[in-house]
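Here are some worked exercises to try with the model open beside you. Take each task first, then compare your reasoning with the solution below it.

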Amino acid sequence: MDRGRAVAAIELVQGAVSIFEPLFRGHLEGATLTTRQARVGIDDYSTVPLAVGFVDLSGFTARSAALSAPELLDLVVEFEAAAVDLVSRHGGRLVKLIGDEVMFTTVAPEAACAIGRQLIEWAATSGTGARAGIAHGLVITLGGHVYGDTVNLASRLTDVAVPGEMLVNEAVATADLAPTFEAAGRRQLKGFTDPVRLWSLQVG
């Protein structure tokens with residue numbers, strides 16, 4: 001590599017660092033704030049009670065095959081932008097974007113329900129479909145990420161939901177300000193020894 005290219009590469013790396021460092025710092029600050037809010041009145045610092053939600057676009061693989069690359073990019077960017085806006089509006093924290101899926105946390109279960117419902121509604125008006133899974137319980141927080149059975153459960157609920165459906169666990173369904181859910185029976189979910197009792201909300 002000649003000197004000119006080496007200098008350009010160094011400048012590019014430095015520029016990237018200047019962009020991503022404040023983003024990462026903001027991510028950690030948001031995680032810390034959410035954790036502090038959730039731990040009010042709780043002495044156990046090993047875990048924190050949070051609502052964890054996943055929303056993904058239904059039939060994304062098939063839809064990807066039917067769209068041009070620019071159309072697919074527009075869909076993903078618009079979905080992610082809608083997720084960022086809704087999570088922020090309801091006081092949640094966006095944990096990660098995974099193309100056709102988003103993961104977020106909130107302190108209050110009803111806020112997570114609002115985000116899930118409105119993202120499903122957004123997908124319907126955008127000519128596609130979406131489904132959501134939300135669980136409330138204890139999680140482990142580390143470096144801005146969350147781990148544990150509650151996270152795994154929310155992910156599995158999303159996997160078994162049908163387009164236009166939001167599946168939740170009992171802690172979400174019985175929250176004071178949560179919408180009215182219908183009992184969806186017990187289901188055997190991957191990674192869980194015993195069948196899990198679920199509740200469902202059809203959106204739209």
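## Exercise 1: A loop residue and a distant partner

Serine 46 lies in the loop between α1 (3–38) and β1. Keep in mind that you are looking at a predicted model.

**Task.** Decide whether serine 46 is buried, partly exposed or exposed, and find the separation between the C-alpha atoms of serine 46 and threonine 141.

**Solution.**
- Step 1. Start with accessibility: serine 46 has a relative value of 46%. Exposed requires over 50% and buried under 20%, so serine 46 counts as partly exposed.
- Step 2. Now turn to the pair. Serine 46 and threonine 141 are 95 residues apart along the chain, yet 8.4 Å separates their C-alpha atoms.

## Exercise 2: The overall plan

**Task.** Work out how many helices and strands the protein has, and in what order they run.

**Solution.**
- Step 1. Count the elements: there are six helices and eight strands.
- Step 2. Read them from the N terminus, and the order is α-β-α-α-β-β-α-β-β-α-β-α-β-β.
- Step 3. Add the contacts. Taking those between residues at least 6 apart in sequence, 65% join residues at least 24 apart.
- Step 4. Finish with burial and surface. Of the 204 residues, 41% count as buried. The protein exposes about 11,000 Å², and 57% of that comes from carbon and sulfur atoms.

## Exercise 3: Helix α3 and its faces

**Task.** Compare the span of α3 with the expected one, then establish how its buried residues are arranged around the axis.

**Solution.**
- Step 1. With 21 residues at 1.5 Å each, α3 should span 30 Å, and its end C-alpha atoms are indeed 30 Å apart.
- Step 2. List the buried residues of α3: Leu75, Val76, Phe79, Ala82, Ala83, Leu86 and Val87.
- Step 3. Look down the axis of α3. The buried residues fall within an arc of 130°, so they line one face of the helix.
- Step 4. Ask what lies over them: the cover includes β1, α2 (60–66), β2 (93–97), β3 and α4.
- Step 5. Turn to the other side of α3, where Ala69, Pro70, Leu73, Ser88 and Arg89 are exposed.
- Step 6. Look just past the helix: α3 is followed by glycine 91, which has a positive phi near 75°.

## Exercise 4: Helix α4 and its surroundings

**Task.** Explain why α4 can be called largely enclosed by the rest of the structure.

**Solution.**
- Step 1. Locate the helix. α4 covers residues 109–125 and reaches 25 Å from its first C-alpha to its last, close to the 24 Å expected.
- Step 2. Count the buried residues: 12 of the 17 are buried, so α4 is largely enclosed by the rest of the structure. Among them are Cys113, Ile115, Leu119, Ile120 and Trp122.
- Step 3. Identify the cover of these buried residues, which includes β1 (48–57), α3 (69–89), β3 (101–106), β4, β6 (165–168) and α6 (170–173).
- Step 4. Check what comes after the helix: glycine 127 follows α4 with a positive phi near 80°.

## Exercise 5: Salt bridges

**Task.** Of the three salt bridges in the structure, find the one that links distant parts of the chain.

**Solution.**
- Step 1. Try arginine 89 and aspartate 85, whose closest N and O atoms are 2.3 Å apart. The two lie four residues apart in helix α3, which means about one helical turn separates them. Arginine 89 is exposed at 54%, whereas aspartate 85 is partly exposed at 39%.
- Step 2. Try aspartate 159 and arginine 156, which meet at 3.4 Å, N to O. They are three residues apart in helix α5, again about one helical turn. Aspartate 159, at 37%, is partly exposed, and so is arginine 156, at 26%.
- Step 3. That brings us to aspartate 56 and arginine 131, with a N to O distance of 3.0 Å. This pair links distant parts of the chain, as aspartate 56 is in strand β1 and arginine 131 in strand β4, 75 residues apart. Both residues are buried.

## Exercise 6: A nonpolar patch

**Task.** Determine which residues form a nonpolar patch on the surface.

**Solution.**
- Step 1. The patch consists of Ile140, Leu142 and Tyr147, together contributing about 300 Å² of accessible area.
- Step 2. Place one member: isoleucine 140 is found in strand β4 (residues 130–142).
- Step 3. Classify isoleucine 140: its relative accessibility of 41% makes it partly exposed.

Note on methods. Residues numbered from 1 in each chain as written. Predicted model: local features only at pLDDT ≥ 70, side-chain atom pairs only at ≥ 80, totals over all residues. Heavy atoms only, no water. Patch = residues over 30% accessible without salt bridge, like charges linked within 9 Å, V, L, I, M, F, W, Y side chains within 5 Å. Areas by Shrake-Rupley, 256 points an atom, 1.4 Å probe, with all protein chains shown as cover. Salt bridge = Lys/Arg side-chain N within 4 Å of Asp/Glu carboxyl O. Buried < 20%, exposed > 50% of the residue type's maximum accessible area, 1.4 Å probe, protein only. Expected span 1.5 Å × (residues − 1). Contact = heavy atoms within 4.5 Å. Arc of directions from axis to C-beta.
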